[in-house]
Amino acid sequence: MKKTLWWLLPVLMAFQVSAQQRKPNVIFILSDDMGYGDASCYGSPQIRTPELDRLAREGFRSTGFMVSAPSCTPSRASLLTGRYPDKVNMPYAVAPGDAHALSDSIFTLARMFKANHYQTMMIGKWHLGDKANSRPLSHGFDHFFGMLYSHDYQSPFVNTDTTLAVFYDNNRVIEKPDYSKLMGWYTDSALAYIKRASRSQQPFFLYLPFPMPHAPLAVPSEWKGKSRGGLYGDVIEQQDACIGKIIALLRQLKLDQQTIVMFTSDNGPWNDMPDRMLQRDIVKPWDHGSTGPFRGGKANTYEGGHREPFIAWAPGRIAAGTVADQPFIINDILPTLAAATSYTQPLPVNVEGVNVWQHIIGRQTQLPERPLFYLSAIGKLEAVRKGDWKLRIATTEKGKTPVMELYNLRMDISEKHNVATKYPEITASLKQLLDNY
């Protein structure tokens, strides 16, 4: 018996080393139209998010994270490609049959994971085109369960003859889905996938873009009236509970030490909805979130449309309780996860994001200063930030000269005081960055 144990010892030691060296699983959770101030760990006085709060306590929370554009499609394009959305021909939110679609020739986050020998799955909202060669399976995902657009692409919100459906891979499996059930379906699918993927020797990448709190809002009956923040708060609290189920499963399967979880939103809250959303008494004018201290919201280039909550959790990798205000952008996620998962192949030279993994794990308190650009919801370059300074030259009425707005985001986080005329040299320097973009 002792001889048998001695013979087994090298095998057991090799197994332990292999487990330690295994590349981490990655789960990236993307909310939809969630405001900076909609989680209690980001200051919400009404909405309770105990699961996100716990992830923040046990991991990394950023107060300086931003997206590249204040709209669904372009922001998601930047996440998956590491590039600004106009560089990949995804400047605005695409509708059914739109000519714009994410080309299958473009390098994506999922393709990176496939090349790194990962299993890959996407569950949730795609919104990067519905052409046959622009869907998730054409971009590196092994499987897809979700919808190709937002759930408002239906009457009375949008005049379209397209019938919404939930897809599995490329097949329609649920016609005219009840959008109050989407969050639950996606969470159950994510739990099933994690269980299935955990039985493989390969690590997994799960991209989970939730469909809400994008309007129209809806929750199952058991969540109605649960929050102090109305229906919007109910949606956020349901989403938080769904995230909690995923984390609980990781702990149950003893995958918490082997998994990186990241959470953010695609853009700020829809606090200035177009008339198409309000023509009937289905969506209320207040069915949106909070930008916290920031000005603006979805569809404009003030901070409220671009500044988002960002939480990263990876026990044993990310120091607990880390809070940082250094600015970084959604384009950085691809190179950051490349570093975090030991991807050794060179990334395409046109990837515009940078690796901020050392910052997230607490080993780099200051990030190198660089310009970060703000594109509008229609793909127009309107603003740039470098260091504490932000210059915004927004679209105006035809025939009028655009107003130059200069803000010091360290001293004036709410963008109340335009100091462009007081600091002409800074204004000119940032204007040059916009001109050279």
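## A walk through a predicted model

Let's start with strand 1, where both faces are covered: Asn25, Ile27, Ile29 and Ser31 on one side are buried, and so are Val26, Phe28 and Leu30 on the other. Buried here means under 20% relative accessible area, exposed means over 50%, and partly exposed lies in between (1.4 Å probe, protein chains only). Strands (E, at least two residues) and helices (H or I, at least four) are DSSP runs, numbered from the N terminus. In a regular strand the side chains alternate between the two faces of the sheet. Strand 1 covers residues 25–31, and seven of its seven residues are buried.

Before going on, a word about what you're looking at. This is a predicted model, with residues numbered from 1 along each chain as its sequence is written. Local features need pLDDT of at least 70 and side-chain atom pairs pLDDT 80 or more, while totals for chains, interfaces and linings use all residues, and side-chain values use heavy atoms, leaving out hydrogens and water. The pLDDT is the predictor's confidence in each residue, from 0 to 100. Its mean over the chain is 94, and 95% of the residues reach 70 or more. Residues 1–6 are another story: pLDDT stays under 50 there, and the model gives them zero contacts beyond four places in sequence. Residues 8–20 also stay under 50, again with zero contacts beyond four places in sequence. Contact means heavy atoms within 4.5 Å.

Back to strand 1: which strands does it pair with? One is strand 9 (residues 259–265), in the parallel sense over seven bridges, and the other is strand 8 (residues 204–209), also parallel, over five bridges. Two strands count as paired if DSSP finds at least two bridges between them. You can pick out single partners too: Phe28 is bridged to Met262 in strand 9, and Ile29 to Leu208 in strand 8.

Further along the chain there's an open sheet of four strands, in the order 13-14-15-16, with antiparallel pairing. Strand 13 (372–375) and strand 16 (404–408) stand at the edges with a single partner strand each, so one side of each has no neighbour in the sheet. From one strand to the next, the twist averages 15 degrees. Strand 15 (residues 389–393) and strand 16 are joined by five bridges, and Lys390 stands opposite Tyr407 in strand 16. Helix 10 (residues 424–436) packs on this sheet, touching strands 13, 14, 15 and 16, and its direction makes about 65 degrees with that of strand 15. Such angles run from 0 to 180 degrees between N-to-C directions, with axes fitted to C-alpha atoms, for helices over the stretch in contact.

Now for some backbone details in the loops. The peptide bond from Met212 to Pro213 is cis, with omega near 15 degrees, and Pro213 lies in the loop between strand 8 and helix 6 (230–252). Another cis bond joins Ser155 and Pro156, with omega about 10 degrees. Asn89 has a phi near 60 degrees, a positive value in a residue other than glycine. Is Asn89 buried or exposed? Neither, quite: Asn89 is partly exposed, at 44% relative accessible area. Ala299 also has a positive phi, near 85 degrees, and sits in the loop between strand 9 and helix 7 (303–306).
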